[in-house]
Amino acid sequence: MKIKLFSLIIALFVAILIVYLIKPIRDRRRSGPIASIPVREVDLGEANGAETLRGSFIIKNKGSSLLTYKLAKSCGCTELSPMEGSIARGASRDISIGIHLGVDGVDKNVTIKVDSNDPINPSQFLHVHARRPYPFDCEPLSIDFGSISRADKPSIRTIHLSIRKNNAGFIVVKSFPNRFKLKQKIGKNGVEEIVIESTPDYEDDYLLDHLVLEDVKNHTSMKIPISAHIVDQISAAPHYLNPTSITSNPDVLEGR
């Protein structure tokens, strides 16, 4: 009985000690500034050409004294305003964001660091996303002809294009250094097709080239890698011999 009573007293003492140690931290937390960022992910959407996408996020001061802050960004393409300042207790501040996108086919993922005099969370982070897709969808994004025989007929591959934006201009296709015959046509469902025909009279054993698709109206382009293995002749010999094809005719077996 005495042991149980002693254990109960020890447990009570430890609980009181924990509360005594935690209470000053809580009191200090309540009496100081508290930086709160309600939204940690900001999506600015898609750009239509070379433009700056804009948005904002909020910093709140949930503490009982003045909050000071300073911002830092991971990319020079990002505008932030105001970069630093102070927020009274119970107040909030809207921070303007701008991300410039100058090249098609690029996604921007920017990290913003918020340093403040919050004693518990002096540094906090949020992430901002922005995209500038190509004005057209292309399938596939690369072409591999595989093995091409110099003595064989030309191989043909097809690229399918669909316009994503109403303001997209005419698509111009270029081949460097003109190692392919190219033909553009409208295929099924109005999807534009680029038919690529190889010309297998190459000197090299391997071909690494590319096509360039250009949107002349929006001054943007996309490269389509092309590869091929050039051989003198593609062997048609089987990889194995089927045992069932071996004859059991004794005349054949004896060479007669």
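I'll start with one pair: D115 and K113 form a salt bridge, with 3.8 Å between the closest N and O atoms. A salt bridge here is a side-chain nitrogen of Lys or Arg within 4 Å of a carboxyl oxygen of Asp or Glu. D115 has a relative accessible area of 27% and is partly exposed; K113, at 30%, is partly exposed as well. The cut-offs are under 20% relative accessible area for buried, over 50% for exposed, and partly exposed in between, with a 1.4 Å probe and protein chains only.

Before I go on, this is a predicted model, in which local features need pLDDT of at least 70 and side-chain atom pairs count only at pLDDT 80 or more, while totals for chains, interfaces and linings use all residues. Residues are numbered from 1 along each chain as its sequence is written, and side-chain values use heavy atoms, with hydrogens and water left out.

How many salt bridges does the rule give? The count is three. One of them pairs D43 with R131, the closest N and O atoms being 3.2 Å apart. D43 sits in strand β2 (residues 41-46) and R131 in strand β9 (residues 123-132), so this pair ties together parts that are 88 residues apart in sequence. Strands here are DSSP runs of E, at least two residues, and are numbered from the N terminus. R131 counts as partly exposed, at 25% relative accessibility.

R54 and E79 form another salt bridge, with their closest N and O atoms 2.9 Å apart. This pair also links distant parts of the chain: R54 is in strand β3 (residues 51-61) and E79 in strand β5 (residues 78-81), 25 residues apart. R54 is exposed at 57% relative accessibility, and E79 is partly exposed at 39%.

Just after that strand comes a cis peptide bond, between S81 and P82, with omega about -5°. P82 is in the loop between β5 and β6 (84-87). Most peptide bonds are trans.

Now the interior. The largest nonpolar core has 24 residues, and F57, I59 and I97 have the most contacts inside it. A nonpolar core means a set of buried Ala, Val, Leu, Ile, Met, Phe, Trp, Tyr and Cys residues joined through side-chain atoms within 4.5 Å. Which strand supplies the largest share of this core? That is β7, with four residues. I97 touches V42, L44, L53 and V128, among others, leaving aside neighbours within four places in sequence; contact means heavy atoms within 4.5 Å. A second, separate core of 20 residues includes F145, I148, I159 and L211.

Last, the sheet. Four strands form an open sheet in the order β10-β12-β15-β14, with antiparallel pairing; two strands pair if DSSP finds at least two bridges between them. Why does one side of β10 and of β14 (180-186) lack a neighbour in the sheet? Each stands at an edge and has a single partner strand, so one side is left free of a neighbour.

Going across, β10 (residues 136-139) and β12 (residues 156-163) are joined by four bridges, and D137 has S162 in β12 as its bridge partner. Between β12 and β15 (residues 192-198) there are six bridges, with R157 opposite I196. β14 and β15 are joined by seven, and there K185 has E193 as its bridge partner.
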